[in-house]
Amino acid sequence: MGAEENKLFESLYEKWFSPVYAYFSVCLGSDAAQELSQETFMRVWSRCSQTPPDNWQAWIFRIAVNLKNDRLREKYKSADLNSRMENSGDINKTENPDSSLEVREAFASLSADDREILSLKAAGFSGDEIGELLGMTASGARSRLQRARKNFLHNLDMED
C-alpha cells in the first residue's frame with residue numbers, strides 16, 4: 001500500500017474509530033468493542049487500496065453493523081432469555097452505576113432492533129443515514145427510531 005492509501009487510512013481511523021468503538025460499546029460492552037473495532041478497521045485497511053466507496057461513513061458502519069450482528073448470532077445462538085439478561089450488565093457502563101442501572105436495564109430489555117437503531121442515533125447518524133445503513137427508507141428509519149425511543153421510555157417508566 002502506498003503513502004496515499006496510508007494517509008487515507010489514518011484519516012479514516014482518526015475520524016471514525018471513536019464512533020465505531022462507541023457503537024460496539026453500547027451494543028456489546030467494552031471488551032467486544034475493542035476487538036470488533038479493530039476488525040472493522042482491518043477491513044477498512046484492505047479497502048483503502050481499492051476503489052473507494054461512495055460514502056466512507058456508511059460503508060464503515062455497515063461493516064460495524066454486520067460484525068455486531070455476527071457476534072450477537074454467535075453469542076445468543078444457544079443462550080436462553082435468562083442468561084441474556086444476566087449478561088446485559090455490560091451494556092452502557094458509566095461512572096455512576098447506581099444511577100445508570102435502571103437505564104441499562106431499560107436499554108437491555110429493548111429488542112435488538114431497538115437497541116441497534118438507538119445506538120446508531122447515539123453515534124450521530126441522522127434518520128436518513130440510519131435508513132441507508134439498515135437498508136430501509138429514511139421515513140421508515142425515523143418511524144422505527146421514534147418507536148424505539150417510546151419503547152425505551154416505557155421500559156424506563158416500568159422500572160420505577
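Which residues are buried in helix α6 (residues 112-122)? In this predicted model, the buried set in that helix consists of D114, R115, E116, I117, L118, S119 and L120. A handy landmark follows: just after α6, G124 adopts a positive phi of about 100 degrees.

It helps to place this helix in the wider fold. The protein chain contains eight helices and zero strands, and reading along the sequence gives the pattern α-α-α-α-α-α-α-α. Of the 160 residues in the protein chain, 38% are buried. Among contacts with a separation of 6 or more, 61% are accounted for by residues 24 or more positions apart. The surface that the protein chain exposes comes to about 9400 Å², with carbon and sulfur atoms supplying 48% of that area.

Helix α3 (residues 56-76) offers a second place to look closely, since R71 is located there. R71 has a relative accessibility of 19% and therefore counts as buried, the cut-off for that class being under 20%. What does the side chain of R71 meet in a polar contact? The partner is the side chain of E35, at 2.7 Å. Leaving aside residues up to four places away in sequence, R71 touches L28, A32, E35 and L36. E35 thus appears both in this list of neighbours and as the polar partner of the arginine side chain.

Terms used: Residues are numbered from 1 along each chain as its sequence is written. This is a predicted model: local features need pLDDT of at least 70, side-chain atom pairs count only at pLDDT 80 or more; totals for chains, interfaces and linings use all residues. Side-chain values use heavy atoms; hydrogens and water are left out. Helices (H or I, at least four residues) and strands (E, at least two) are DSSP runs, numbered from the N terminus. Buried means under 20% relative accessible area, exposed over 50%, partly exposed in between (1.4 Å probe, protein chains only). Contact means heavy atoms within 4.5 Å. Accessible areas come from the Shrake-Rupley method with a 1.4 Å probe; for residues, only the protein chains shown count as cover. A polar contact is a pair of N or O atoms within 3.5 Å; within protein, one must be able to donate a hydrogen and the other to accept it, and residues adjacent in sequence count only if both atoms are side-chain atoms.
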